[in-house]
Amino acid sequence: MKFREMFGEAKWVTPLADQSKRGCTAPYMRGRFTAYPSQKTELTICGLGWFELYINGKRYGDELFVPPISEYHSIPDRYCTVKYGERLGTRIYCKKYDITSYLNASGENVIGVFLGPGWYDTRPHTNRGISHYGSTRLCYKIESGDNVIYSDTDIKWKGSFVTGYNLHEGEVQDLSLMLPDNWSSVDFDDSDWTNTEECFMPATEYYFTECPPDRVIRSIIPKIVKETDEVIIYDAGENITGWPVIECDVPGEKVMVRCSEALGEDGLLDMSHYHGQVSYFTFTEENKKTHLRFTWNGFRFFELPKSASCELVEVVHMDVPVAAEFKSDSWVLNTLFDNFVRTQLCNMHSGIASDCPHIERHGYTGDGELVCPAGMLLFDSKEFYRKWIYDIADCQDRISGHVQYTAPYVHCGGGPGGWGCAIVEVPYQFYKNYGDIKPAEDLFDGMLRYFDYLEAHSENDLVTSDQPGLWCLGDWCTPEDIAIPEPFVNNYFYIKSINRVIELAEIISRDVSYLKERLELKKKAVIDNYFDEATGDFCGNIQGANAFAFDIGLGDERTFDNMVKHYEEYGMYDTGIFGTDIVTRILFENGKEALAVKLLTNEKEYSFATQFKHGATTLWEYWTPLRRSYSHPMFGAVTKYLFTGLLGIKQAGEGYESIVVDNTGCFDAGVHAEGTLTLHNGLKISAKI
């Protein structure tokens with residue numbers, strides 16, 4: 001809906017409307033209003049970047065990092081606009097709360113809002129590809145019977161104790177600036193506060209959201225693993241997202257906290273996995289305890305000076321329940337399941353599933369497309385994925401049909417197939433998992449526009465390019481150098497997506513008969529350029545190429561047989577993020593379950609076991625150690641097959657309304673396993689082998 005439909009006569013307000021002047025990093029805001037607890041009172045609110053809500057001195061709920069991230073509105077310095085003239089869709093998410101029980105009997109009330117920069121006010125950040133939308137700002141409407149109160153410039157603001165901020169790294173906090181708990185109470189003296197200013201907000205669409213928020217999900221008691229003369233090293237026991245709760249009894253002490261995913265050989269933080277995560281907290285006599293407020297760290301280990309201590313680490317991510325249980329007599333499969341669950345949750349924050357929780361934090365369409373079948377099946381994540389589907393829709397260029405590599409958009413790398421085709425794959429998987437066709441129907445025209453874009457970036461019916469100057473990846477993160485050709489992989493995704501759209505078109509009664517001829521041309525191009533008639537192989541059967549081809553109905557009986565023979569002899573994965581998933585699924589689906597299990601459980605160099613033997617508690621970005629992130633969910637896409645392949649839990653139709661359990665093909669796979677899925681419709685299904 002439009003702004004007036006959502007907020008009526010309300011105004012967007014900010015500490016400083018002139019953005020050439022730097023306002024405070026994270027302001028407190030206070031607004032007075034009249035409403036009585038005898039009358040139901042509802043608050044419609046949006047605070048950008050993120051907000052915490054207080055009514056009459058009490059925190060409302062425990063939500064973190066709301067509203068969820070989105071393509072808020074158009075901005076002139078967005079890379080894709082400046083470079084290519086692209087125009088994206090935009091939206092802002094709002095929250096509605098019943099605040100009746102928080103009201104004072106006198107009718108005099110105060111709404112307090114604590115605003116943090118989040119993804120919106122990015123000026124304090126290092127660049128990392130993020131564009132700056134504007135300063136922190138607030139808008140609300142309070143409805144109490146016939147009485148409606150709108151946000152305006154009578155709202156006052158004051159700077160908070162969060163004086164420095166970097167979304168990816170941490171915060172600077174001066175606790176001498178922390179206000180007393182009653183700062184949002186009626187009787188609090190705000191005479192030294194400053195009135196807000198009205199700020200311009202570009203046109204955009206406004207939506208309420210059912211996407212689950214972040215919360216503190218659980219806590220961990222960390223262990224001290226090393227002490228030096230200067231610092232103490234703590235271990236949370238697992239790679240997580242969240243924050244250490246820091247305590248210090250020394251007034252005026254400025255405590256530096258650094259976090260890392262690993263330790264070095266000297267027992268100190270491994271700075272190659274530190275990822276710049278550092279915060280500074282200055283304590284007072286009254287305020288001896290604190291933690292991050294408007295961001296999180298991705299870490300297992302952290303370092304404190306000896307003047308400070310930590311008795312508790314809080315795990316923070318979106319409140320998305322795990323809907324699966326799995327155990328077996330294979331330590332590798334058990335750890336794979338546990339580590340994928342932990343990794344996926346570590347990468348679910350403020351409405352997006354990110355690539356990693358520290359270095360980039362982007363909603364990569366490639367990673368998300370790949371992992372979404374497992375994410376939808378193993379987690380109670382329907383509303384999360386519904387939200388992210390429309391992020392993908394917003395990130396399609398309205399002019400050319402180009403789909404960005406991330407949703408919401410930040411300038412980064414990817415490719416037209418495994419990334420851009422998320423506009424087809426994610427709504428398709430949403431329909432298959434939940435039986436809900438609406439997102440696919442809403443995005444259907446966008447899917448067709450993207451196909452036209454791929455046509456415009458093809459040569460001889462092979463997808464060969466993307467926007468000039470952008471990456472044009474095929475597969476990614478192979479253990480050796482990438483050898484599988486990019487046009488081959490991108491045509492695979494194009495062909496697969498055409499098949500998906502033809503299937504969806506039948507359901508929603510759309511005529512796409514012209515795509516059938518296009519489909520045959522794309523297949524012919526793959527055969528003409530990559531198929532070896534003498535051997536039956538595609539691209540020499542490298543890095544899962546035969547599995548890619550077989551999955552879209554290309555090749556002959558030798559194609560599959562040669563793939564099987566290769567992995568029986570090689571005994572480990574040689575594939576990247578997409579090939580690993582495809583090879584594993586193809587083996588499970590075509591009578592080679594024992595080989596699929598062999599690859600999943602192998603303990604050679606390129607294996608999940610290698611990660612786990614190095615102490616990994618989350619999944620790595622690369623097969624080999626000491627490279628970038630130790631918390632990337634993309635290789636964990638195969639975890640779905642522990643249930644659909646090994647345990648044989650399959651659906652007949654869509655939405656898991658009808659289920660078949662058939663794991664007879666796994667009787668000789670060499671493992672015993674059992675698991676349970678709690679499906680979106682409440683059905684609980686268990687299986688064992």
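User: What does it mean for residues to be in contact here?

Analyst: Contact means that heavy atoms lie within 4.5 Å. Keep in mind that this is a predicted model. In it, Val597 touches Phe588, Leu646, Ala669 and Val671, leaving aside residues up to four places away in sequence.

User: Where does Val597 lie, and is Val597 buried or exposed?

Analyst: Val597 is part of helix 13, residues 593-601. Buried means under 20% relative accessible area. Val597 counts as buried because its relative accessibility is 3%. Its C-alpha atom is also 8.9 Å from that of Leu333, a residue 264 places away along the chain.

User: Let's turn to helix 11. How does the expected span of helix 11 agree with its end C-alpha atoms?

Analyst: The expected span is 1.5 Å times one less than the number of residues. Helix 11 covers residues 557-570, so its 14 residues should span 20 Å, and its end C-alpha atoms are indeed 20 Å apart.

User: Which residues of helix 11 are buried?

Analyst: They are Thr559, Phe560, Met563, Val564 and Tyr567. Looking down the axis of helix 11, these buried residues fall within an arc of 130°, so they line one face of the helix. On the other side, Glu557, Lys565 and Glu569 are exposed.

User: What do the buried residues of helix 11 pack against?

Analyst: They pack against strand 29 (531-532), strand 30 (537-538), helix 10 (545-551), helix 12 (577-589) and helix 13. Helix 13 is the one that holds Val597.

User: What comes just after helix 11?

Analyst: There you will find Gly571, with a positive phi of about 75°.

Definitions and conventions
Residues numbered from 1 in each chain as written. Predicted model: local features only at pLDDT ≥ 70, side-chain atom pairs only at ≥ 80, totals over all residues. Heavy atoms only, no water. Helix = DSSP H or I, 4+ residues; strand = E, 2+ residues; numbered from the N terminus. Buried < 20%, exposed > 50% of the residue type's maximum accessible area, 1.4 Å probe, protein only. Arc of directions from axis to C-beta.
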